[in-house]
Structures are given as C-alpha cells and as structure tokens.
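This report is written for someone meeting the structure for the first time. Please look over the sequence and the model below before reading on.

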Amino acid sequence: MKEMTSLERVQAVLHGQMPDRIPVIPQCFMFSAKTAGYHIGQINRSPAKLAESHRICQEKYGYDGCVIDVDDATLAEACGAKVIYRERDVASVDERNPVLASLEEIDDLKLPDPMHDGRLCEWLETSQRLVEMIGDHVFVMGRADQGPFDLLALLRGAQEFMVDLMIEDEDVILHALEWATEAHIRFAHAQLAAGVHATSMGDSYAGPNLVSPEIYRKFAFPFEKRVVEAVRDLPGAYSVHICGDTTKIVEDMGRTGAKILEVDWKVDMGRARTLIPEDTVLMGNINPSDPMCLGTPDDVRAQAKKIIDDTRGRGLILSSGCALSENIKPENLQAMVESARLYGSYERLLELQG
C-alpha cells in the first residue's frame, strides 16, 4: 500500500478506511515543551513557543498528530476563575477561592469571548500557528479545554460542586450546566474556525472515579451530547476525554455522537471496541506512568501490541491514556511510534480483521 502522510493516515481512520498503518497521537504537550527546552509553565502564554515546541517534538519522533493543550484552567479563567501559575508545571484553578459561592450565581458571570478573554486567544493563536507550520501533513487537535461538567466544577470548586449534586435544586444545577455548555461551545467553535482538524473536551470530574454512572447520565451526558450536536455541521472531528476507568459509562460516551473517544489506561480497549459504534474512533490507551515513565521500550511495545490486537486495529488511534508527563523516557515515546509500524501495518491489519 502507498505510504500515507500523517494527516492522510488519521483521516483514513476517521472515515472508516484502512490506513497504511495505525496512526499515533500521543498527548505530550508537556514533553513537547521539554523537548524544545522549556517547562510548560514557562511558555503557557507564548503561542509562538507553544507551537514551535509541538513542531520540534513531532518532527523528532515522527508521530501523526499533535494535541494542543496547556492546562485545565484556561476556560475557567476566561469565565472569571482565579488561577495559580507555576513556572515548572501547568497552571491550575485556585479552588480554595471559587468564583461561584453558589450555583445560583452563574448568570452573574460573563460568557467568555474566545477572541478576547483570558488566554483563550493564545490557545487559538497556537492552533493557527501550528496548522500553518505542519497542518498540511500532520493532524492537529486543538482542545477546547474543559467540558460542561468539569468547567462548572472548577468554577464552583470541586468539593462544593459534589455537595451541590446531592442537595441543590435540580433545576439550578441544570441551568448552571447549560451556561457552562454554552461557554464550552463558544471555544470549540473558535478552535475549529482556527483551522484545526479536531477539537475536544476533557470532562473527567464526570467519570466513575468521582461520581456514579447515574450522575453522569443525568448531569454530564446530555450536555456532552449537546456540544457534539452544536459542532456537528462544522469541519473537523470532535473528541471526548474522561480520565480514569470509564468502563461503566463508555457505552454512554459512545452515544454522545463524538467521532473520537479518548480512553484512559484503566479501560479494556477490546471491550470498549465492542460497546461503542463501529464508526466511533478509539484513541488510547497506553499507561502514561508505567510504562511511559517507569517502563522500558519493550514494555511499551507489549502494551501497544495488546491494544492493537484486542481491538483488531479497528477504528483505532494509538495514544497515551491521558496526558504524558514531561518526565517520560524519550525512548519510550519512540517505542510507541515504532509499535504502530511493527504491529499495526496495513498487512497486519488485514490479517487481524480477516
């Protein structure tokens, strides 16, 4: 089979076609910064350096797509949250001083303008720069930061929000989530307008590690689905990421209509593949800690092979289960990329899929 470019390879999978090999998109924005000579906290307000770090890292290791991410605090900050900046690490929301003393105050906040508020415009400029640099042959995913459930948790304070879910009037919760959904949709629209090939949400506070599947289905799923529907007619794919063991809700996640589900390392990828629609792409799910930080290249290759074998390579983008630390071993990232060639070639995919 003729060799594809990285962009063609990813797009083939997204369109349900057979690629020349399994594509690889590691979630490595912190490692990219380190590869370029920085800590993420040193360049989180510099679109030029952020974009260049992704270009340098992608060219060095040869993976197929870049995930533009900076931290989990940017959209919340644009909505009014206080943020703690750290030179050697990601910024974070100051949850000791939440911007919302009550969910009933949600309408007192100003819906963010991605072109002017906080650092949203800097994320967008990073996306535009990277698309101009390599977007003609490399897949670029510009995250739209946190999903509705996560965003509201950050604005209210995670602990306070968990209590609200038990004692607050349901209509108040739903109205606040509608506000957060609109905030996220605005940023998602802006990312796609910036020319990225995909955008996404992180909605990990909604996962079974923190809340029950019933809470997810009532207060997270409907709003994730609404986001997907709001961007459906725009060019580009949409992805949903929830950290942790999402086995109990992965089938629901598949019903959001998102084109890509980013699956964390605790989920059995073979089982996930049987639970979600065939045209939904799974992205994951090598353990970011062991083997990527603690293991060897052989460990990485073994885990990658199992993922490819268990899914038979159907609708698969090989990735880390979650964001990679800047401290992963470079040889392990190289092994991830090599694994796609070793175990996910066109010939082997034909064999696996019969």
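## Terms and a surface patch

A residue is called buried when its relative accessible area is under 20%, exposed when that area is over 50%, and partly exposed in between. The model is a predicted one, and every value in this report was computed from it.

By that measure I167 is exposed, because its relative accessible area is 66%. I167 is found in helix 8, which covers residues 158–167, and together with V163 and M166 it forms a nonpolar patch on the surface, the three having about 340 Å² of accessible area together.

## Strands under cover

How many of the residues of strand 5 are buried? Strand 5, which runs over residues 198–202, has 5 of its 5 residues buried, so the strand is largely enclosed by the rest of the structure. The residues of this strand point in two directions, with A198, S200 and G202 facing one way and T199 and M201 facing the other way, and all are buried. Strand 5 pairs with strand 6 (residues 237–242) in the parallel sense, over 5 bridges, and within this pairing G202 stands opposite H241 of strand 6.

Strand 8, made of residues 281–286, is likewise mostly covered, since 6 of its 6 residues are buried. Strand 8 pairs with strand 7 (residues 260–263) in the parallel sense over 3 bridges, and I260 has V281, in strand 8, as its bridge partner.

## Helix 1 and helix 11

Helix 1 is mostly covered, with 7 of its 9 residues buried, and these are S6, L7, R9, V10, A12, V13 and L14. The elements that cover the buried residues of helix 1 include helix 4, strand 4 (139–142), strand 6, strand 7, strand 8 and strand 9 (316–320), a list in which strands 7 and 8 of the pairing described above both appear. After helix 1 comes G16, a residue with a positive phi, near 75°.

Helix 11, which covers residues 221–231, has F221, F223, E224, V227, V228 and V231 among its residues, and these are buried. Which elements do the buried residues of helix 11 pack against? They pack against helix 7 (148–156), helix 9 (170–193), helix 10 (213–219) and helix 12 (250–254), and also against strand 5 and strand 6.

## Aromatic pairs

A search of the whole structure finds 4 aromatic pairs. One of them joins W123 and F187, whose ring centres lie 5.7 Å apart and whose planes stand at 55°, so the pair is tilted. Because W123 lies in helix 6 (residues 120–134) and F187 in helix 9, the pair ties together parts that are 64 residues apart in sequence. Both W123 and F187 are buried.

Y216 and F221 form an aromatic pair that is also tilted, with 6.4 Å from centre to centre and 55° between the planes. Y216 is buried, with a relative accessible area of 0%, and F221 is buried as well, with a relative accessible area of 11%.

## Salt bridges

A search of the whole structure finds 25 salt bridges. In one of them the side chains of D64 and R21 meet, with a distance of 3.0 Å from N to O. D64 lies in the loop between helix 4 (47–61) and strand 1 (65–68), and R21 in the loop between helix 1 (6–14) and helix 2 (29–35), so the pair ties together parts that are 43 residues apart in sequence. D64 counts as buried at 0% relative accessibility, and R21 is buried with a relative accessible area of 7%. These two residues are linked with R9 and D20 in a network of salt bridges, and R9 is one of the buried residues of helix 1.

Is the K110 of the salt bridge with D117 buried or exposed? K110 counts as exposed, because its relative accessibility is 52%, whereas D117 counts as buried at 17%; the closest N and O atoms of this salt bridge are 2.8 Å apart. In the salt bridge between R255 and D252 the closest N and O atoms are 2.6 Å apart. Here R255 counts as partly exposed at 47% relative accessibility, while D252 is buried, with a relative accessible area of 7%.

Terms used. Residues are numbered from 1 along each chain as its sequence is written. This is a predicted model: local features need pLDDT of at least 70, side-chain atom pairs count only at pLDDT 80 or more; totals for chains, interfaces and linings use all residues. Side-chain values use heavy atoms; hydrogens and water are left out. Buried means under 20% relative accessible area, exposed over 50%, partly exposed in between (1.4 Å probe, protein chains only). Helices (H or I, at least four residues) and strands (E, at least two) are DSSP runs, numbered from the N terminus. Two strands pair if DSSP finds at least two bridges between them. Contact means heavy atoms within 4.5 Å. Rings of Phe, Tyr and Trp (its six-membered ring) pair if their centres lie within 6.5 Å; planes under 30 degrees apart count as stacked, over 60 as edge-to-face and the rest as tilted. Patches are made of residues with over 30% relative accessible area and no salt bridge: like charges are joined within 9 Å, nonpolar side chains (Val, Leu, Ile, Met, Phe, Trp, Tyr) within 5 Å. Accessible areas come from the Shrake-Rupley method with a 1.4 Å probe; for residues, only the protein chains shown count as cover. A salt bridge is a side-chain nitrogen of Lys or Arg within 4 Å of a carboxyl oxygen of Asp or Glu.
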